Amino acid sequence: MKLLKFACIDSTNTYGKTNFDTLEDKTAIIADEQTHGKGRFNRVWVSKNCENIYLSLILKPQNITYIPNFTQYMSVAAAKVLGDYNVQPQIKWPNDVLINNKKICGILSEGIVKNNKLTGAVLGIGINLNCDAKTIENIDKPATSLNIETGNDINKEEFLQKLLKTFFENYENVVQNGFEYFKDDYLRYTDFLGKTVYIQPRDNDKREKYTAKTIDNQGNLIVTDAQNKEKIIYSGDLIY
Ligand code: BTN
């Protein structure tokens, strides 16, 4: 696996997309700082030089069927590694990782389409490892960092190696079998099933109230509304 390291870059995802054709499958792009870190729904991902993880993987699987599940698989890999640091990670559907209900990790996958066909993805992940309290306070949603949760400085290189190892350990199985391969692991980190939740399809959209029932074998969220009518949620923000 190739590792490309940058001191400062606009966004590791943007670099991955721009250079997708020439980069080898499974290349890892990592930066100490991003000037234009991107989040889901065109949000900004705060990417100061705080010894955090800003990582993108170039993925060109033979079987493209399960590319949409890579973000959820990455959330499980991140939760497993975070769990080694004596904290209790939670996964908030579809793929945010939280500690004590505060976001510590965000994942953004960007599909690469050639001639109207999905050919691969740039899978980006940001994890707050060593942020100062001020940086965290300035984030507009509840957020945290591993050093704040544990009271210790975190060795970024060691964390990164563990994350890459954990992700690639079962990656080929996920390529062949999709969400079902890691569904049990995913469910182990969820704590919203059975609860009243709100779904916000996009920023500024109205929140809709449901009960979260289960996750189906494709990784979609199954909810029921006030009339007990079932609905499948394919994307959006979960609030609970
Ligand atoms: C989110 O929760 O909104 C997703 C955040 C994804 C951030 C990572 S940091 C590395 C990679 N490069 C980016 O510009 N974004 C992703």
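Student: I've got this one open. Which element gives the most to the lining of the largest pocket?

Tutor: E6 does, with four residues. Keep in mind that we're looking at a predicted model.

Student: How do I read a pocket in the first place, and how much space lies in the largest pocket here?

Tutor: The general idea: roll a probe the size of a water molecule over the atoms, and you see where empty space is left. In this structure, the largest pocket holds about 980 Å³. Its lining counts 44 residues, and closest to the centre sit Arg43, Trp45, Asp96, Lys103 and Lys141.

Student: Which elements give two or more residues to that lining?

Tutor: You'll find helix H1 (12-18) there, along with strands E3 (53-59), E5 (96-99), E6 (102-114), E7 (117-127) and E12 (237-239).

Student: And how does the lining of the largest pocket split by class?

Tutor: Count 17 nonpolar residues, 15 polar and 12 charged.

Student: Okay, on to the second largest pocket. What is its volume, and which residues lie nearest its centre?

Tutor: The volume comes to about 540 Å³. Look for Pro68, Thr71, Asn95, Tyr234 and Ser235 nearest the centre, out of 23 lining residues.

Student: Which elements supply at least two residues of the lining there?

Tutor: Helix H2 (70-83) and E6 each do. E6 has the largest share of this lining, at four residues.

Student: How do the residues of the lining of the second largest pocket divide by class?

Tutor: Here you get 10 nonpolar, 11 polar and two charged.

Note on methods: Residues numbered from 1 in each chain as written. Predicted model: local features only at pLDDT ≥ 70, side-chain atom pairs only at ≥ 80, totals over all residues. Heavy atoms only, no water. 1 Å grid on protein atoms, 1.4 Å probe; cavity = no way out; pocket = protein on both sides within 12 Å on 5 of 7 lines; lining within 4 Å. Points joined across faces, edges and corners; volume = space filled by probe spheres on them. Nonpolar A, V, L, I, M, F, W, Y, C, P; charged D, E, K, R; others polar.
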